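Please open the structure in your viewer and keep the selection tool at hand. We will go stop by stop.

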Amino acid sequence: AEGDLDYRMTVHSDDEVGQLVHAFNVMIERVKDKQEQVVELEKKAAWREMARILAHEIKNPLTPIQLMIQQLHDQYKGDDPVYAEVLNECTEIITDEIGTLQNLVRSFSEFARMPEMQKEPADLNAIIREVAKLYTDTTIALALDPALPKLLLDEQQFRRIFKNFIENSRAAITQKGQGSITIRSSVEQDSVIVRVSDSGAGIKDDVLQRIFEPHYSTKKHGMGLGLAIVKRIVQEHDGTISVSSEEGKGTEFVISMNKRRGKVR
């Protein structure tokens, strides 16, 4: 069992030897947990450094490229309407793609160096309602527990979380052709729970296992940083996030936060 942190000794008695074996098993479990935490932190640090480098390398040439294409467009003084139309179209396409790259740079920068959380007493239900109102073309059912206590939250970051969830749900519903979105909040024992579910296309099992990893995305556009950032925000608030999904039936994200740890005193 050398180096195997999944190995556990069997307890055969309640005497001192049995207690020693139990203590050993508890110690191994804690060592395993700490090792997993260290691995997770190392992975996060590596992704943040990669994101920082990519943001820097992509950002630097964008401005001169943008200036050059605009200069080429403005300097054409000819009277060939066909060439002028092609030039206009090419300029527009390149400008749009530069804008896409600039958004990508911002995403990388935010992931690599997210601002320090500005936690203040906040009404989580109110945040959910405010974000839901932004999507006037989407029906979002709300089932919010009025007994939710105020929590110390970064409101802007939590708005970002729910926007990300809703955008993902809308995309899943569009993919399926129909579906609905529901957001529920509740108090369960010592935890505040928020569930965001949809009846969209669902997520494949192999994708589900890696959904919170940076740079992992099945979308044609974007770099898969959205849910990685969501997970990081939740963890910065000492919370946990999980996801369950079934292809063709829908997906549910669950955020759990300790109401005592985050509660306003």
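The tour visits a sheet, a helix beside it and a group of aromatic rings. Keep in mind that this is a predicted model.

**Stop 1: the sheet**

Show the strands as a cartoon. In what order do the five strands of the open sheet run? Trace β2-β4-β5-β7-β6. The pairing is mixed. Now select residues 140-144 for β2 and 239-246 for β6. These are the edge strands, and each of them pairs on one side only. Look along the sheet: the twist from one strand to the next averages 15°.

**Stop 2: β6 and its partner**

Add residues 250-258, which make up strand β7. How many bridges join β6 and β7? There are eight, and the two strands pair in the antiparallel sense. For a single point on this pairing, pick G239. Opposite G239 stands M257 in β7.

**Stop 3: the helix on the sheet**

Select residues 226-236, helix α6. This helix packs on the sheet and touches both β6 and β7. The direction of α6 makes about 140° with that of β6. Next, show the side chains of L227, A228, I229, V230, R232, I233 and V234. They are the buried residues of α6. Then step to D238, which follows α6. Its phi is positive, near 60°.

**Stop 4: aromatic rings**

Turn to the rings. How many aromatic pairs does a search of the whole structure find? It finds five. Start with F158 and F162, whose ring centres are 6.4 Å apart. Is this pair stacked, tilted or edge-to-face? The planes stand at 50°, so the pair is tilted. Colour residues 155-176 to see helix α4, which holds both residues. F158 and F162 are separated by about one helical turn because they are four residues apart in α4. Both F158 and F162 are buried.

Now move from F162 to F165. Their ring centres also lie 6.4 Å apart. Here the planes are at 65°, an angle over the 60 degrees that marks the class, so the pair is edge-to-face. F162 and F165 both sit in α4, three residues apart, about one turn of the helix. In an α-helix, residues three or four places apart point the same way, because there are 3.6 residues a turn. F165 is buried, as is F162.

**Last stop: the cluster**

Select F158, F162, F165, F212 and F253 together. Ring pairs link these five residues into a cluster. F253 falls within the residues 250-258 of β7, the strand from the second stop.

Technical notes:
Residues numbered from 1 in each chain as written. Predicted model: local features only at pLDDT ≥ 70, side-chain atom pairs only at ≥ 80, totals over all residues. Heavy atoms only, no water. Pairing = 2+ DSSP bridges. Axes fitted to C-alpha atoms, helices over the stretch in contact; angles between N-to-C directions. Contact = heavy atoms within 4.5 Å. Buried < 20%, exposed > 50% of the residue type's maximum accessible area, 1.4 Å probe, protein only. Phe/Tyr/Trp six-rings, centres within 6.5 Å; stacked < 30°, edge-to-face > 60°.
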